[in-house]
Amino acid sequence: MLSVLRVHLPSDIPIVGCELSPYVLLRRPDKTFTTDDVPESAPLDGHFLRYKWYRIQSDRKVAVCSVHPSEQATLQCLGCVKAKIPVAKSYHCSPKCFSDAWQHHRVLHDRAASAVNENGNEEEEIFGRFNSTGAGVISASLTGSASSTSLINGSTPLYPTAVTQRSGGETWFEVGRSKTYTPTTDDIGHVLKFECVVIDAETKLPVGHPNTLLTSRVIPAPSPSPRRLISVGGADMMGQLDSDGRLSSSGTFTVLSYNILSDSYASSELYSYCPSWALSWPYRRQNLLREIVGYRADIVCLQEVQCDHFDEFFAPELDKHGYQALYKRKTNEVYSGNIHTIDGCATFFRRDRFSHVKKYEVEFNKAAQSLTEVAVQTTQKKVALNRLVKDNVALIVVLEAKFTNQGADNPGKRQLLCVANTHVNVQQELKDVKIWQVHTLLKGLEKIAASADIPMLVCGDFNSVPGSAPHSLLAMGKVDPLHPDLLVDPLAILRPHSKLTHQLPLVNFLTLMNCFKQS
């Protein structure tokens, strides 16, 4: 018989607007295991799974810290109360929390004192959509909005929330009937309960006990910290922004390059300083999309994009904003995980600004095979491949601009652009591999440039810092033979050092070599 062995969530702290998708491990009647859903429309051996989500509201009022929303508040700023600042902003979990946040917190007081909203709705205008009831003190009483609200969960139809039971000073409101659930502002400060039970398809009755889990209190989605942008000399001379945030000069365009941090790498072991809820993909993907779309770039180059996330999220979501998508997945000779979660490079471009002409794919593993065949002694081939084969790739796209800066002399000339997007090996001790990968990419771009008069744009995460050999090669077109990075070359693949050059006119090397990752 079908049975549920385990249910759990990747993060036990739910966030408003971020979908909760429990992991449910099942045992089939044939004793095999699966995590696939068994809906009522496709029962297995006469049984299916039924899911329910509950909001647990306590009679005891609870306040949530405005700085650390997963913590319960222990003190309140009376200045906020007097200034009629939304009550949610007034709570703190400790005196130290309040003291540390004071410089930012006092700005709320100043803004409340000086701001005037023409419509008379000053608080909502200044402080956002979370009002004092939704995000401040949580009461167990069923409000008018809660009693009349209809919710949708997954693909299930709308239905009203219902009081299902009351016990020990707590009231359980049913809020969802699908496997996934997205917390709303009504859930802030409350614990959620997930229930999964096997149902007999004929009698529609439960078989065995339900499996349940409880979350921590739902927290409001924190506002992302503003970027500390670095001004690049000369960049402000490229053109003026139009009303849509794009450059108005006819021959200019904007480019965004961003390592978004693959979910498979976003572990608490690697990022122990980051709370688990902030590492969860449902939370990060919304922030990433908001930021990427907010820049309104004409060309977007992303690194560490998981294959499944590209297909299921980025490609369809950015398509809604007018972008066409191209993707190159990393090879999997070294990678041993799920093939669907291998990351790669994704390039997007605005369909109203560019059209796709051609696509090239660079697999550094293949280049390593070719190199070892001709330049490495037979006895060292295995050692060389172990060092060079790292699954890194590059995606090269040739685009045609739908705008032009051509004068009257060449009215019909096509304006092409070659965009390279790569992610160079991360291991700092393999300096020779980094230089070799960058050099291999540039030599490939030289061949493309030789076939046509075409500008080159090189983007990516090079896992290098300014002054390193890869940076020198890209920015200066050569590497000083005495550069210390060249001392790491056990396979002699960088010799003679005079070959570490390229002829591409990369005059504006503005790429940030050590990409910041979203976490």
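A residue counts as buried when its relative accessible area is under 20%. With a relative accessible area of 14%, A401 is therefore buried. The model you have in front of you is a predicted one, and the chain contains 13 helices and 20 strands. Buried residues account for 46% of its 519 residues. Among contacts with a separation of 6 or more, 69% join residues 24 or more positions apart. Here is a friendly tour of some places to look at.

**Strand β18 and A401**

- A401, the buried residue from the opening, sits in strand β18.
- Setting aside neighbours within four places in sequence, A401 touches R353, F354 and Q415.
- R351 and A401 are 50 residues apart along the chain, yet their C-alpha atoms are separated by 9.7 Å.

**Helix α10**

- The 12 residues of α10 should span 16 Å at 1.5 Å a residue, and the end C-alpha atoms are indeed 16 Å apart.
- F364, N365, A368, L371 and T372 are the buried residues of α10.
- These buried residues cover an arc of only 115° around the axis, so they sit on the same side of α10.
- If you turn to the other side of α10, you will find K366, E373 and V374 exposed.
- The cover over the buried residues of α10 includes strands β17 (354–363), β18 (393–401) and β19 (416–423), along with helices α11 (381–388) and α12.

**Where α10 meets α12**

- Helix α10 covers residues 364–375 and helix α12 covers residues 431–451; their axes come within 11 Å and cross at roughly 95°.
- Angles of 65 to 115 degrees count as roughly perpendicular, and α10 and α12 are therefore roughly perpendicular to each other.
- On the α10 side, the contact is made by F364, A367, A368 and L371.
- On the α12 side, the partners are W436, Q437, T440 and L441.
- Sorted by class, this contact of α10 with α12 has 6 nonpolar residues, 2 polar residues and no charged ones.
- F364, A368 and L371 are worth picking out in the viewer: they take part in the contact with α12 and are also among the buried residues of α10.

**Helix α3**

- Helix α3 runs over residues 102–114, which makes 13 residues.
- From first C-alpha to last, α3 reaches 18 Å, close to the 18 Å expected at 1.5 Å a residue.
- Its buried residues are H105, L108, H109 and A112.
- Viewed down the axis of α3, these buried residues fall within an arc of 95°, so they line one face of the helix.
- On the other side of α3, the exposed residues are Q103, H104, A113 and S114.

**Helix α13 and the segment after it**

- S472 belongs to helix α13, which spans residues 469–476.
- With a relative accessibility of 14%, S472 counts as buried.
- Beyond its neighbours within four places in sequence, S472 is in contact with G467, G477, K478 and H483.
- P496 lies in the segment after α13.
- The peptide bond leading from R495 to P496 is cis, with omega near -5°.

**Two loop residues with positive phi**

- K31 lies in the loop between β2 (23–27) and β3 (33–34), and its phi is near 75°, a positive value in a residue other than glycine.
- Exposed means over 50% relative accessible area, so K31, at 60% relative accessibility, counts as exposed.
- N463 is in the loop between β20 (456–461) and α13, and its phi is near 45°, again a positive value in a residue other than glycine.
- N463 has 7% relative accessibility and therefore counts as buried.

**The loop holding S267**

- S267 is found in the loop between β13 (255–259) and α7 (276–279).
- Its relative accessible area is 22%, so S267 is partly exposed.
- From C-alpha to C-alpha, S267 and S280 are 9.0 Å apart in space, with their positions 13 residues apart in sequence as the count of separation.

How values were computed
Residues are numbered from 1 along each chain as its sequence is written. This is a predicted model: local features need pLDDT of at least 70, side-chain atom pairs count only at pLDDT 80 or more; totals for chains, interfaces and linings use all residues. Side-chain values use heavy atoms; hydrogens and water are left out. Helices (H or I, at least four residues) and strands (E, at least two) are DSSP runs, numbered from the N terminus. The expected span of a helix is 1.5 Å times one less than its number of residues. Buried means under 20% relative accessible area, exposed over 50%, partly exposed in between (1.4 Å probe, protein chains only). The arc is that of the directions from the helix axis to the C-beta atoms. Axes are lines fitted to C-alpha atoms, for helices over the stretch in contact, and angles run from 0 to 180 degrees between N-to-C directions. Angles under 35 degrees count as roughly parallel, over 145 as roughly antiparallel, 65 to 115 as roughly perpendicular and the rest as oblique. Contact means heavy atoms within 4.5 Å. Ala, Val, Leu, Ile, Met, Phe, Trp, Tyr, Cys and Pro count as nonpolar, Asp, Glu, Lys and Arg as charged, and the others, Gly among them, as polar.
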